[in-house]
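Q: I have a protein model open and do not know how to read its features. Where should I begin?

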Amino acid sequence: MLRRKPTRLELKLDDIEEFESVRKELEVRAGPGAGGSARPRPLGTEHKSREQLINDRIGYKPQPKAGGRTAHFGTFEF
């Protein structure tokens with residue numbers, strides 16, 4: 001395996017501002033007396049699973065898998 005030098009990541013001013021805005025939003029959502037921990041979101045019509053939230057955040061759009069026997073054996077019927 002070839003070794004290479006570590007990639008340098010630079011933190012830009014926009015990144016810091018975005019982090020601060022998200023942090024303030026989470027603090028506001030937690031409200032007073034929450035002990036600094038964010039409360040879970042109530043279930044509603046806009047509820048998404050943790051996996052869906054992560055996929056949205058990283059921009060991953062999974063393709064639906066073709067199911068059934070025909071996906072494995074072509075057009076043969078059993």
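A: Begin with the surface: the protein chain exposes about 8,500 Å², and carbon and sulfur atoms supply 56% of that area. Keep in mind that this is a predicted model.

Q: How many of the residues count as buried, as a percentage?
A: Of the 78 residues of the protein chain, 3% count as buried.

Q: Which secondary structure elements does the protein chain have?
A: The protein chain has three helices and zero strands. Read from the N terminus, the order is α-α-α.

Q: What is the mean pLDDT of the protein chain?
A: pLDDT is the predictor's confidence in each residue, from 0 to 100. Here the mean is 76, and 63% of the residues reach 70 or more. Among the elements, α1 has the highest mean pLDDT, 91, while helix α3 (residues 70-73) has the lowest, 55.

Q: Is Leu 13 buried or exposed?
A: Residues over 50% relative accessible area count as exposed. Leu 13 has 58%, so this residue is exposed. Leu 13 lies in helix α1, which covers residues 13-30.

Q: Which residues form the nonpolar patch with Leu 13?
A: Leu 11 and Ile 16 join Leu 13 in a nonpolar patch on the surface. Together the three have about 320 Å² of accessible area.

Q: Why does Asp 15 count as partly exposed?
A: Partly exposed lies between the 20% and 50% cut-offs. Asp 15 is in helix α1, and its relative accessibility is 35%, so Asp 15 counts as partly exposed.

Q: Which residues form the negative surface patch?
A: Asp 14, Asp 15, Glu 17 and Glu 18 form the negative patch.

Conventions
Residues are numbered from 1 along each chain as its sequence is written. This is a predicted model: local features need pLDDT of at least 70, side-chain atom pairs count only at pLDDT 80 or more; totals for chains, interfaces and linings use all residues. Side-chain values use heavy atoms; hydrogens and water are left out. Patches are made of residues with over 30% relative accessible area and no salt bridge: like charges are joined within 9 Å, nonpolar side chains (Val, Leu, Ile, Met, Phe, Trp, Tyr) within 5 Å. Accessible areas come from the Shrake-Rupley method with a 1.4 Å probe; for residues, only the protein chains shown count as cover. A salt bridge is a side-chain nitrogen of Lys or Arg within 4 Å of a carboxyl oxygen of Asp or Glu. Helices (H or I, at least four residues) and strands (E, at least two) are DSSP runs, numbered from the N terminus. Buried means under 20% relative accessible area, exposed over 50%, partly exposed in between (1.4 Å probe, protein chains only). Lys and Arg count as positive and Asp and Glu as negative; His and the chain ends are not counted. The place of a charge is taken as NZ of Lys, CZ of Arg, CG of Asp or CD of Glu.
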